[in-house]
Structures are given as C-alpha cells and as structure tokens.
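Dear colleague,

Please find the structure below, together with its sequence. The findings follow directly after it.

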Amino acid sequence: MSEKEEVISYLSKSISSKELLDALRKIDREKFLPDPYRHLAYSKDYVDKAIPITRSYNTTALSLGILMLDLMELRKGEKVLEIGTGSGYYTALIAEIVGCENVYSIEFDSEAYSLARKNLTECPVNLIFGDGSLGHEKAQPYDKIVVWAAAPTFPYVLYSQLKKRGIMVVPIADSGDKQGLYKIVKGEEPFIVRVTDVIFSKLKGLCGFWY
C-alpha cells in the first residue's frame, strides 16, 4: 500500500461523505505543495501538521482540513464560498464535488493567490484576490461557506451571504488565545455547534483582525 493509500485509509475512518473520500483519492495533494515539501503531502508524520506554502502561510493540516470539508456536507451543484484559497488544494477538493464553476474562492495574500492560480489551471474556479472577510456579494447566496482563518467574532457578513439552511464552517476566536472550530447552520436563528479546539492564523481584512 502506498503512502497516499495508507493516509486515505486512516482519514476514511472519520469521513462521512463518500463524495469527499472519492475527491481525496482523485486529487493529488503533491501538485499543490511547493517543491521542497511535496514529499510530505501524504506523510503519516504530517497528516496532523501544517506544511509551509508561502513565506507567510502554512496549509491547514490534512486531517483538520478534511474534517472541515466533511462538516460542510458538500453536494454536487452547490454554490460554495471559500475564504482563503491557500495553495488551492482544498479548493480543488471542493470543486471536484460541487463543480469548478460553482466555487468562489477569495485569497488575501498575493503570493498565495499566485500559487493557487497556477495550481488551479485545470479547474477554472472563480478565484478572487481581495478581502475575504467581506465575502463576495455578487454571487450570493451560497449553499456553503468555509473559512480557513480565525474570525475575531461571529462572522455576520459571511453568514448573511448564506442561503437559508446553508452551512458555514469557520474558526472563531474564543476568550484569550483560544479558538474554536464552529459549524453554523442558517435559520431564523443560527444553529451553532462548537466542534473542537483549533489554532489558525487570524482572518485579515475589514471584518477581520486589525492587529
């Protein structure tokens, strides 16, 4: 069994979505990492660790990234807003399930944006350079939203761009230096579940952190 197959077998024990598992098998993570780190794409020692993708940012640990995508309950044809494209790997997994044209991904960092644009040439998602904390009003409402950086408080601007019964998965700063991963379902009042403790970089932008 290859390293990739071993890691996917390990992750499959906690994945409820067959579509996500199929996408995980099809999309090669190595292609989305910088050359010096490609050999770590399916390393068992790094499945729970972040890997550098630019001078400023790391990619979300594979086990955590897959958990977040699984929580989104992605379905074919759904419109998805992604805040923080990173290297484009998780973007590609989302697109494999819902369709490239249905993904709107916003990246704030110019180096990461350039990397993602290069990595996603075979999948023409709607890649946007800008302030992800404001979402993307032009294509709203979205069925699902995922945020790859910690919001300072409940991200109301993004929540307002969700469809009714839409799902958002987002890290949010708790008290002190703690952060929680939250699954939020839009209704008359938001249904909010705190999934686990996490550590993410801070969400930058007008509705993000100023420090």
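Glu188 and Lys164 are both exposed, where exposed means over 50% relative accessible area, buried under 20% and partly exposed in between, with a 1.4 Å probe and protein chains only. These two residues form a salt bridge whose closest N and O atoms are 3.1 Å apart; a salt bridge here is a side-chain nitrogen of Lys or Arg within 4 Å of a carboxyl oxygen of Asp or Glu. The pair joins distant parts of the chain, 24 residues apart: Glu188 sits in the loop between strand E8 (179–185) and strand E9 (191–198), and Lys164 belongs to strand E7 (residues 162–173). Helices (H or I, at least four residues) and strands (E, at least two) are DSSP runs, numbered from the N terminus.

Please note that this is a predicted model, in which local features need pLDDT of at least 70 and side-chain atom pairs count only at pLDDT 80 or more, while totals for chains, interfaces and linings use all residues. Residues are numbered from 1 along each chain as its sequence is written, and side-chain values use heavy atoms, with hydrogens and water left out.

Further salt bridges

The rule given above yields 12 salt bridges. One of them connects the side chains of Lys18 and Asp22, at 2.7 Å from N to O. These residues are four apart in helix H2 (residues 18–26), so about one helical turn separates them. Lys18 is exposed, at 58% relative accessible area, whereas Asp22 is partly exposed, at 33%. Another salt bridge is formed by Asp197 and Arg194, with the closest N and O atoms 2.7 Å apart. In this pair Asp197 counts as exposed, with 57% relative accessibility, and Arg194 as partly exposed, with 36%. In addition, Lys18, Asp22 and Arg25 are joined into one network by salt bridges that share partners.

Overall form

The protein contains six helices and nine strands. Its C-alpha atoms fill a box of roughly 50 × 35 × 35 Å along the principal axes. The radius of gyration is 16 Å, which agrees with the value near 17 Å for a compact globule of 211 residues; this radius is taken over C-alpha atoms, and the globule rule is 2.2 Å times the number of residues to the power 0.38. Of the 211 residues, 53% are buried. Among contacts with a separation of 6 or more, 53% are between residues 24 or more positions apart, a contact being heavy atoms within 4.5 Å.

Two buried residues

Which residues does Thr59 touch, beyond those up to four places away in sequence? They are Arg29, Leu33, Ala50, Ile51, Ile53 and Tyr90. Thr59 lies in strand E2 and counts as buried, at 8% relative accessibility.

His136 is found in the loop between strand E5 (126–129) and strand E6 (142–147). Its relative accessible area is 17%, so His136 is buried. Apart from neighbours within four places in sequence, His136 contacts Leu81, Tyr104, Ile106, Ile128, Tyr142 and Gln161.

Pockets

The largest pocket holds about 590 Å³ of space. It is lined by 33 residues, of which Tyr57, Asn58, Trp148, Ala149 and Ser201 are the closest to its centre. On a 1 Å grid over the protein atoms alone, a pocket is an open set of points where a 1.4 Å probe fits, with protein on both sides within 12 Å along at least five of seven lines, and lining residues have an atom within 4 Å of a point. Grid points are joined across faces, edges and corners, and a volume is the space filled by probe spheres set on the points.

Strand E2 (58–59), helix H4 (89–98) and strand E4 (103–107) each contribute at least two residues to the lining of the largest pocket. That lining comprises 17 nonpolar, 13 polar and three charged residues. Ala, Val, Leu, Ile, Met, Phe, Trp, Tyr, Cys and Pro count as nonpolar, Asp, Glu, Lys and Arg as charged, and the others, Gly among them, as polar.

The second largest pocket has a volume of about 300 Å³. Among its 15 lining residues, Ile27, Phe32, Ala92, Asn119 and Glu122 are the closest to the centre. H4 and helix H5 (110–119) each supply at least two residues of this lining, and H4 provides the largest share, three residues. By class, the lining of the second largest pocket has seven nonpolar, two polar and six charged residues.

With kind regards
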